[in-house]
Amino acid sequence: NRHSGSNNRHEKNVFINTNTKINKLDEITLEHNVLIAPRVNILTVNHPENPAERRGVILAPVTVKKNAWIGAGATILPGVTVGENAIVAAGAVVSKDVPANTIVGGIPAKVLKTIEAA
(Lines give C-alpha, C1' and ligand atoms only; values in the text may rest on other atoms or scores of the structure.)
Protein backbone atom coordinates (compact mmCIF):
# COMPACT_ATOMS: atom_id res chain seq x y z
CA ASN A 1 0.00 0.00 0.00
CA ARG A 2 1.31 3.43 -0.89
CA HIS A 3 0.76 6.26 1.59
CA SER A 4 1.26 9.80 0.30
CA GLY A 5 1.52 13.01 2.25
CA SER A 6 0.42 16.44 1.16
CA ASN A 7 3.99 17.60 0.46
CA ASN A 8 4.79 14.95 -2.16
CA ARG A 9 5.68 16.04 -5.68
CA HIS A 10 5.73 13.50 -8.47
CA GLU A 11 6.71 14.65 -11.95
CA LYS A 12 5.91 13.00 -15.31
CA ASN A 13 6.36 9.32 -16.07
CA VAL A 14 7.04 8.17 -12.49
CA PHE A 15 6.45 4.47 -11.82
CA ILE A 16 5.85 3.26 -8.25
CA ASN A 17 5.49 -0.51 -7.89
CA THR A 18 3.52 -2.48 -5.27
CA ASN A 19 3.99 -2.36 -1.51
CA THR A 20 6.07 0.80 -1.56
CA LYS A 21 5.86 2.71 1.74
CA ILE A 22 6.14 6.46 1.95
CA ASN A 23 5.77 8.32 5.29
CA LYS A 24 2.61 10.28 5.85
CA LEU A 25 4.72 13.09 7.36
CA ASP A 26 6.75 13.45 4.24
CA GLU A 27 8.28 15.83 1.78
CA ILE A 28 9.30 13.69 -1.15
CA THR A 29 10.13 14.78 -4.69
CA LEU A 30 10.23 12.21 -7.49
CA GLU A 31 11.47 13.80 -10.71
CA HIS A 32 10.76 12.71 -14.31
CA ASN A 33 11.14 9.04 -15.27
CA VAL A 34 11.86 7.72 -11.76
CA LEU A 35 11.37 3.96 -11.32
CA ILE A 36 10.58 2.53 -7.90
CA ALA A 37 10.54 -1.26 -7.52
CA PRO A 38 8.35 -3.25 -5.10
CA ARG A 39 8.69 -2.98 -1.32
CA VAL A 40 10.74 0.24 -1.32
CA ASN A 41 10.65 2.38 1.84
CA ILE A 42 11.13 6.13 1.56
CA LEU A 43 11.42 7.76 4.97
CA THR A 44 11.52 11.45 5.85
CA VAL A 45 11.05 11.24 9.61
CA ASN A 46 13.72 10.56 12.22
CA HIS A 47 13.98 11.03 16.00
CA PRO A 48 16.57 12.94 18.05
CA GLU A 49 19.43 10.93 19.57
CA ASN A 50 18.99 12.60 22.97
CA PRO A 51 16.74 10.29 25.06
CA ALA A 52 14.97 13.28 26.65
CA GLU A 53 13.93 14.52 23.18
CA ARG A 54 13.42 11.18 21.44
CA ARG A 55 9.63 11.37 21.25
CA GLY A 56 10.02 14.42 19.02
CA VAL A 57 10.54 14.17 15.28
CA ILE A 58 13.05 15.53 12.82
CA LEU A 59 11.75 15.95 9.28
CA ALA A 60 14.20 15.81 6.37
CA PRO A 61 13.01 15.76 2.72
CA VAL A 62 13.97 13.10 0.18
CA THR A 63 14.57 13.87 -3.51
CA VAL A 64 14.94 11.29 -6.27
CA LYS A 65 16.33 12.96 -9.40
CA LYS A 66 15.47 12.27 -13.07
CA ASN A 67 15.85 8.73 -14.44
CA ALA A 68 16.87 7.23 -11.08
CA TRP A 69 15.89 3.63 -10.30
CA ILE A 70 15.31 2.39 -6.75
CA GLY A 71 15.62 -1.42 -6.55
CA ALA A 72 13.31 -3.83 -4.73
CA GLY A 73 13.31 -3.67 -0.96
CA ALA A 74 15.64 -0.66 -0.77
CA THR A 75 15.26 1.90 2.01
CA ILE A 76 15.92 5.60 1.48
CA LEU A 77 16.51 7.37 4.80
CA PRO A 78 15.58 10.98 5.69
CA GLY A 79 17.44 13.82 4.03
CA VAL A 80 18.84 11.79 1.11
CA THR A 81 19.03 12.92 -2.51
CA VAL A 82 19.38 10.19 -5.13
CA GLY A 83 21.20 11.68 -8.11
CA GLU A 84 20.16 11.76 -11.75
CA ASN A 85 20.44 8.38 -13.56
CA ALA A 86 21.55 6.65 -10.33
CA ILE A 87 20.58 3.08 -9.43
CA VAL A 88 20.01 1.93 -5.86
CA ALA A 89 20.53 -1.84 -5.69
CA ALA A 90 17.87 -4.13 -4.24
CA GLY A 91 17.93 -4.26 -0.45
CA ALA A 92 20.26 -1.27 -0.05
CA VAL A 93 19.90 1.13 2.87
CA VAL A 94 20.74 4.62 1.67
CA SER A 95 21.79 6.97 4.47
CA LYS A 96 23.82 9.51 2.42
CA ASP A 97 23.32 11.29 -0.90
CA VAL A 98 23.83 9.16 -4.02
CA PRO A 99 25.94 10.84 -6.73
CA ALA A 100 24.49 11.15 -10.23
CA ASN A 101 25.38 8.34 -12.68
CA THR A 102 26.36 5.79 -10.04
CA ILE A 103 25.14 2.44 -8.75
CA VAL A 104 25.03 2.08 -4.97
CA GLY A 105 24.37 -1.01 -2.88
CA GLY A 106 24.80 -2.52 0.55
CA ILE A 107 24.08 -1.58 4.14
CA PRO A 108 24.94 1.22 4.39
CA ALA A 109 24.89 1.87 0.65
CA LYS A 110 28.23 2.62 -1.00
CA VAL A 111 29.14 3.45 -4.60
CA LEU A 112 29.71 0.20 -6.52
CA LYS A 113 30.07 1.50 -10.05
CA THR A 114 29.87 4.57 -12.27
CA ILE A 115 27.31 4.58 -15.09
CA GLU A 116 28.21 5.96 -18.51
CA ALA A 117 25.38 8.40 -19.20
CA ALA A 118 24.13 8.42 -22.79
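What share of the contacts between residues at least 6 apart in sequence join residues at least 24 apart? The share is 20% in this chain. The model is predicted. The chain has 16 strands and 0 helices. Of its 118 residues, 36% count as buried.

**Surface**
- The chain exposes about 6800 Å².
- Carbon and sulfur atoms supply 51% of that exposed area.

**Sheet**
- Four strands form an open sheet in the order S3-S6-S11-S14.
- The pairing in this sheet is parallel.
- S3 and S14 stand at the edges. Each has a single partner strand, so one side of each has no neighbour in the sheet.
- Strand S6 covers residues 41-42, and strand S11 covers residues 75-76. These two strands pair in the parallel sense over 2 bridges.
- Asn41 has Thr75 as its bridge partner in S11.
- Strands of a sheet pair through backbone hydrogen bonds, and the sense can be parallel or antiparallel.

**Nonpolar core**
- The largest nonpolar core holds 22 residues.
- Ile36, Ile42, Val64, Ile70, Ile76, Val82 and Val88 touch the most other members.
- S4 and S9 each supply at least two residues of this core.
- Ile76 shows how contacts spread beyond its neighbours up to four places away in sequence. Its partners there are Asn41, Ile42, Leu43, Val62, Ile70, Val82, Val88 and Val94.
- In soluble globular proteins, nonpolar side chains tend to be buried together.

**Salt bridge**
- The count of salt bridges is 1.
- Lys65 and Glu31 form it through their side chains, with 3.6 Å from N to O.
- The pair links distant parts of the chain, 34 residues apart. Lys65 is in the loop between strand S9 (62-64) and strand S10 (69-70). Glu31 is in the loop between strand S4 (28-30) and strand S5 (35-36).
- The partners differ in exposure: Lys65 is partly exposed because its relative accessible area is 30%, while Glu31 counts as buried at 13% relative accessibility.
- Side chains of opposite charge can pair when their charged atoms come close.

**Pro108 and its cis bond**
- Ile107 and Pro108 are joined by a cis peptide bond, with omega about -10°.
- Pro108 is in the loop between strand S15 (102-105) and strand S16 (110-114).
- Why does Pro108 count as partly exposed? Its relative accessible area is 42%, which falls between the limits of 20% for buried and 50% for exposed.
- Leaving aside neighbours within four places in sequence, Pro108 is in contact with Val93 and Ser95.
- Thr75 is 33 residues from Pro108 along the chain, and their C-alpha atoms are separated by 10.0 Å.

**Positive phi at two asparagines**
- Asn19 is not a glycine, yet its phi is positive, about 60°.
- Asn19 is in the loop between strand S2 (15-16) and strand S3 (21-22).
- Asn19 counts as partly exposed, at 45% relative accessibility.
- Asn101 also has a positive phi, near 60°, and is a residue other than glycine.
- Asn101 is in the loop between strand S14 (93-94) and S15.

How values were computed: Residues numbered from 1 in each chain as written. Predicted model: local features only at pLDDT ≥ 70, side-chain atom pairs only at ≥ 80, totals over all residues. Heavy atoms only, no water. Buried < 20%, exposed > 50% of the residue type's maximum accessible area, 1.4 Å probe, protein only. Contact = heavy atoms within 4.5 Å. Salt bridge = Lys/Arg side-chain N within 4 Å of Asp/Glu carboxyl O. Core = buried A, V, L, I, M, F, W, Y, C linked by side-chain atoms within 4.5 Å. Pairing = 2+ DSSP bridges. Areas by Shrake-Rupley, 256 points an atom, 1.4 Å probe, with all protein chains shown as cover.
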